[in-house]
Amino acid sequence: MTQGTGGTYTINARNDRDFPMNYPNSIILSTGQYANATLTITPSATTESGTDVTLTIEAKSSSGVDSNYAVLRLSVVKKITDFIPPKCEVTSVLADDCPKDVSQCGPFRWELSANFTDGNGTGIESISLNQGNGRFTHTALTASIVQAYYNASCCSQILEIVAVDKVGNVGKCYHSIIRSAGFSAKTLSLPLWLCLLVSIFLARS
């Protein structure tokens, strides 16, 4: 916009990275009224995300009396379209050898297998063990399905694996072999059985 005499104004633009730009060479202004135009700057495909660019835009009247400029600092940011974290599917758990009494866990081991996928996302960048003291391995991250394998002492009963894709989405795989406290009907003592039978008999009388 100009408060001076309207007319055709010349537009010049430059950037310090020499990226190609597309913009109109001139714009027509009317006194006191805004006019809009579009400038497109295109970084090269090899430009790293986070690169700063300084853009200078100048406008000058045909007479050269009225002019102004603006300096903008822009950052090249990789376009993100992947917002879904990697998924985990536990395919097998072998923990039958682990004793119910944790104090006897020493000589026994358990294992787990899982598959990690990122669907139509950017792909898995890393897979790591977040909880657990066992041996953890996985297949190549470049595969569409990454197979993970965990083997640990029955004394280490909680496992958490974290998978991160190439744009930072985090997926977690959690598994526990901790057995819930309680009692089995097979372990009821004879006096308790008798009490239950008497209670049922009295309830039906």
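## A loop residue with positive phi

In this predicted model, D18 lies in the loop between β1 (7-15) and β2 (21-22). Although D18 is not a glycine, its phi is positive, at about 60°. Most residues other than glycine have a negative phi. D18 is also exposed, with a relative accessible area of 69%.

## Overall architecture

The protein contains 13 strands and one helix, and the order of elements from the N terminus places the helix after the strands, as β-β-β-β-β-β-β-β-β-β-β-β-β-α. Of the 205 residues, 24% are buried, and the accessible surface comes to about 14300 Å², with 53% of that area belonging to carbon and sulfur atoms. Among contacts between residues at least 6 apart in sequence, 55% join residues at least 24 apart.

## The nonpolar core and its aromatic pair

The largest nonpolar core has 20 residues, of which W110, F116, I127 and I161 touch the most other members. Strands β8 (109-117), β9 (124-131), β11 (146-153) and β12 (158-165) each supply at least two residues of this core. Beyond its neighbours within four places in sequence, I127 is in contact with F116, F136, H138, L141, V146, I161, V162 and A163.

The structure holds one aromatic pair, formed by W110 and Y150 in an edge-to-face arrangement, with 5.6 Å from centre to centre and 65° between the planes. This pair links distant parts of the chain, since W110 belongs to strand β8 and Y150 to strand β11, 40 residues apart. Both W110 and Y150 are buried.

## Three disulfides

The model has three disulfides, and with bonded cysteines counted along the chain they follow the pattern 1-6, 2-4, 3-5. One of them joins C88 to C173, with an S to S distance of 2.1 Å, and links strand β7 (residues 87-94) to strand β13 (residues 170-176) across 85 residues. C88 counts as partly exposed at 27% relative accessibility, whereas C173 counts as buried at 6%.

The other two disulfides each run from the loop between β7 and β8 to the loop between β11 and β12. C98 and C154, whose sulfur atoms are 1.9 Å apart, have a torsion of about -75° about the S-S bond, so this disulfide is left-handed; C98 and C154 are both buried. C105 and C155, with sulfur atoms 1.8 Å apart, have a torsion of about 100°, so their disulfide is right-handed. This pair ties together parts that are 50 residues apart in sequence, and C105 is buried at 7% relative accessibility, while C155 is partly exposed at 42%.

Notes
Residues numbered from 1 in each chain as written. Predicted model: local features only at pLDDT ≥ 70, side-chain atom pairs only at ≥ 80, totals over all residues. Heavy atoms only, no water. Helix = DSSP H or I, 4+ residues; strand = E, 2+ residues; numbered from the N terminus. Buried < 20%, exposed > 50% of the residue type's maximum accessible area, 1.4 Å probe, protein only. Contact = heavy atoms within 4.5 Å. Areas by Shrake-Rupley, 256 points an atom, 1.4 Å probe, with all protein chains shown as cover. Core = buried A, V, L, I, M, F, W, Y, C linked by side-chain atoms within 4.5 Å. Phe/Tyr/Trp six-rings, centres within 6.5 Å; stacked < 30°, edge-to-face > 60°. Disulfide = S-S within 2.5 Å.
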